[in-house]
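Trainee: Could we go through this model together? I would like to see how each label follows from its cut-off.

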Amino acid sequence: MPGEKKKRIAQTPVVPMAEPPRNFSPRGIAALVAPITRPIFRRRAPAAAQLLADWPQLAGPELAGRALPVKFAGGTLTLGCTGPTAMELQMLESQIIARLNLALGHATVERLRFVQQSPRLPTPPPPPRQPPRNLPLPPDLPDGPLGEALARLYRGLKSRG
């Protein structure tokens, strides 16, 4: 056997695959983060992600305005609310759990836990300002649609200042 020659096996050369062209245009952060986080949330805590993301729709406007979900772990949903609201919601605990489980489609929430934390309520947007109607216009505005557009622009600028 020492005198035998080893047979050479013909190997085909490995050709590297061509890389797809890269796109260097700016993209939103959501486009980059969502493909990474979506599979993780599906495996680890799909109910928690849905509870936190869709809270106003799942809880209803009255409950969503008074309490916010802080954490969901082990079947316990932690809600942040004020002290008096926590006492009231504690009396309604079984109804709230039933409502959330019905909205989620399965018995996910088993217990509620309350922490004293003032919920961050969305502030209503300020009412749009109306430009003054009786503002004197400059006399040298042209007639027609251009003059009307310039008059609106002039009123808008004067109402801000």
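Mentor: Let's start with confidence: helix H1 (residues 29-44) has the lowest mean pLDDT among the elements, 67, and strand E3 (residues 111-116) the highest, 91. Here pLDDT is the predictor's confidence in each residue, from 0 to 100, and helices (H or I, at least four residues) and strands (E, at least two) are DSSP runs, numbered from the N terminus. This is a predicted model, where local features need pLDDT of at least 70, side-chain atom pairs count only at pLDDT 80 or more, and totals for chains, interfaces and linings use all residues. Residues are numbered from 1 along each chain as its sequence is written, and side-chain values use heavy atoms, leaving out hydrogens and water.

Trainee: Why is Leu157 called exposed?

Mentor: Exposed means over 50% relative accessible area, buried under 20%, and partly exposed in between (1.4 Å probe, protein chains only). Leu157 has 52%, so it is exposed. Leu157 belongs to helix H7 (residues 145-160).

Trainee: What is the span of helix H6, and how does it compare with the expected one?

Mentor: The expected span is 1.5 Å times one less than the number of residues. H6 (residues 93-104) has 12 residues and reaches 16 Å from its first C-alpha to its last, close to the 16 Å expected.

Trainee: Which residues of H6 are buried?

Mentor: They are Ile96, Ile97, Leu100, Asn101 and Leu104. Their arc, taken from the directions from the helix axis to the C-beta atoms, is within 125°, so they line one face of H6. On the other side, Ser94, Gln95 and Leu102 are exposed.
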